Each structure stands twice: as structure tokens, then as C-alpha cells.
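Good morning, and thank you for making time for this item. I would like to take the group through one structure, from its overall organisation to a few individual positions.

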Amino acid sequence: MADASASPSSPPPGGTAPATAPPAGTGSAPAAGPEAVTALQGALGAEHAAVYGYGVVGARLPDDQQRTDARTALAAHQARRDSWQRLLGTVGATPSAAAAGYQLPFAVTDGAGAVRLAAHLETRLTAVYADLVAAVAGAQRTAAADALRECALRAHRWGATPTPFPGLADTATATATPTAAATP
């Protein structure tokens, strides 16, 4: 089974649905280098996992606003997945297929676990989209940055701890120590 934490991106609870994936017909040809294709396949795989993960999330939430938010997130991830599939096809790559199932990062047995999974999925997607931003150019970079922003906002709304630079590894904050300027 594939790892479901590999990707999810959905609208945050209480938020509005995010803009959907890469804009069609943006005029500039997508970057098709091997790094770009690898990063696009990674984003596609993460969205496949997010779609699966939000199925689990929705099944464990009460029929209230949180479930509505999960449905909105699921729809957003499905739209991104479909956009990445189309984009990969336009650059001559065969889009990767979804796995039959995905290994969840932890057991989800109730609503609290479902909310935690949603936050985990969105947080995981920020890392995937940060990689994609670095690998593509033009309209695709804009779409990837939009996806990163949307995932970070949804992660926060699901209860994830906000980070200063979503998607980038949390490294120890280095404190700069000023050096004394030499006086003549």
C-alpha cells in the first residue's frame, strides 16, 4: 500500500474552496524537463493519496460543518489531481495511476483522528508543493505556489501548527550574532 500521507490538499474547515489547480491554456508551455516531470508526478501521487485520505476523513466526521469542509477539500484535491494529470499528458508523460489503497500514518477511529489526519495530509502536501514550485516555471510555478498556499491554509484550519515557511524543512532557527565592526 502506498503512504496516504504523501499528499492531500483540501479546503480548510470553515474556509472557502481553494482555487483549483493549474490554469488551463495559460499560454506558456509547461516545463518538461526531467526534474519538472518528476515533481509533477510527485504532486499527482500526493493528490491521489489526499483523495484517498479525505475519504477516510469524511467517513469519520460527524455530519456537520467539518464533514462539509472535508467534502470541499476532497473536491479541491480531485480537481488538482485532474489538472496535474492533464498537464503531465501535455508534456508527453504518462500520469501515474492511483494505488489501490494507501497506508495511513496512524489509525483513524473517530472524529478527532479524522481532523488530525486532514491536518497531516495538508501539511504533507505543502512539502510536495514546495518541491514543485522549485522544479517548474511560469504558469505552472504560479499554480504550484497557489496549491502550496491553499494547503498551508487548510492545514492551519484543520489545526496544524503554522510554520513561517510552509513546505520547507523546519531547521533550527539560527540566530545571527552581529560582529563588531572594526573601527579605524
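I will begin with the fold as a whole, then turn to helix 4, the largest pocket and three single residues.

Please keep in mind throughout that this is a predicted model. The protein comprises 4 helices and 2 strands, and along the sequence these elements follow the order β-α-α-β-α-α. There are 184 residues, of which 42% count as buried. The accessible surface amounts to about 9,300 Å², and carbon and sulfur atoms hold 57% of that area. As for the contacts, if we take those with a separation of 6 or more, 85% of them link residues 24 or more positions apart.

Let me now turn to helix 4. It covers residues 138-157, which is 20 residues. From its first C-alpha to its last, helix 4 reaches 29 Å, close to the 28 Å expected at 1.5 Å a residue.

Which residues of helix 4 are buried? The list runs Ala139, Gln140, Ala143, Ala144, Ala147, Leu148, Glu150, Cys151, Ala152, Arg154 and Ala155. You will notice that Glu150 and Arg154 appear in that list together with several alanines, among them Ala143 and Ala147. As a general reminder, an α-helix has 3.6 residues a turn, so residues three or four places apart point the same way. The cover over these buried positions of helix 4 includes helix 2, residues 65-90, and helix 3, residues 111-135. Just after helix 4, Gly159 adopts a positive phi of about 110 degrees.

Helix 4 also brings us to the largest pocket, whose volume is about 270 Å³. Two elements, helix 3 and helix 4, each give two or more residues to its lining. Which of them supplies the largest share? That is helix 4, with 4 residues. In total, 16 residues line the largest pocket, and those nearest its centre are Thr123, Thr161, Pro162, Thr163 and Pro166. Sorted by class, the lining has 9 nonpolar, 6 polar and 1 charged residues.

I would like to finish with the single positions, starting with Ala70, which is located in helix 2. Is Ala70 buried or exposed? Its relative accessibility is 1%, so Ala70 counts as buried, the cut-off being under 20%. Setting aside neighbours within four places in sequence, Ala70 is in contact with Tyr54, Val57, Gly58, Leu61 and Trp158. Of these contacts, Trp158 is 88 residues from Ala70 in sequence, yet the two C-alpha atoms are 9.7 Å apart in space.

Ala59 offers a contrast. This residue belongs to helix 1, residues 34-60, and Ala59 is exposed because its relative accessible area is 55%, where exposed means over 50%. Ala59 and Ala70 are separated by 11 residues in sequence and by 9.6 Å from C-alpha to C-alpha.

The last position is His120, in helix 3. With a relative accessible area of 28%, His120 is partly exposed, since that class lies between the two cut-offs of 20% and 50%. His120 and Ala50 are 70 residues apart in sequence, and their C-alpha atoms are 10.0 Å apart.

To close, the three positions fall into three classes: Ala70 is buried, His120 is partly exposed, and Ala59 is exposed. Thank you for your attention.

Notes: Residues numbered from 1 in each chain as written. Predicted model: local features only at pLDDT ≥ 70, side-chain atom pairs only at ≥ 80, totals over all residues. Heavy atoms only, no water. Expected span 1.5 Å × (residues − 1). Buried < 20%, exposed > 50% of the residue type's maximum accessible area, 1.4 Å probe, protein only. Contact = heavy atoms within 4.5 Å. Areas by Shrake-Rupley, 256 points an atom, 1.4 Å probe, with all protein chains shown as cover. 1 Å grid on protein atoms, 1.4 Å probe; cavity = no way out; pocket = protein on both sides within 12 Å on 5 of 7 lines; lining within 4 Å. Points joined across faces, edges and corners; volume = space filled by probe spheres on them. Nonpolar A, V, L, I, M, F, W, Y, C, P; charged D, E, K, R; others polar.
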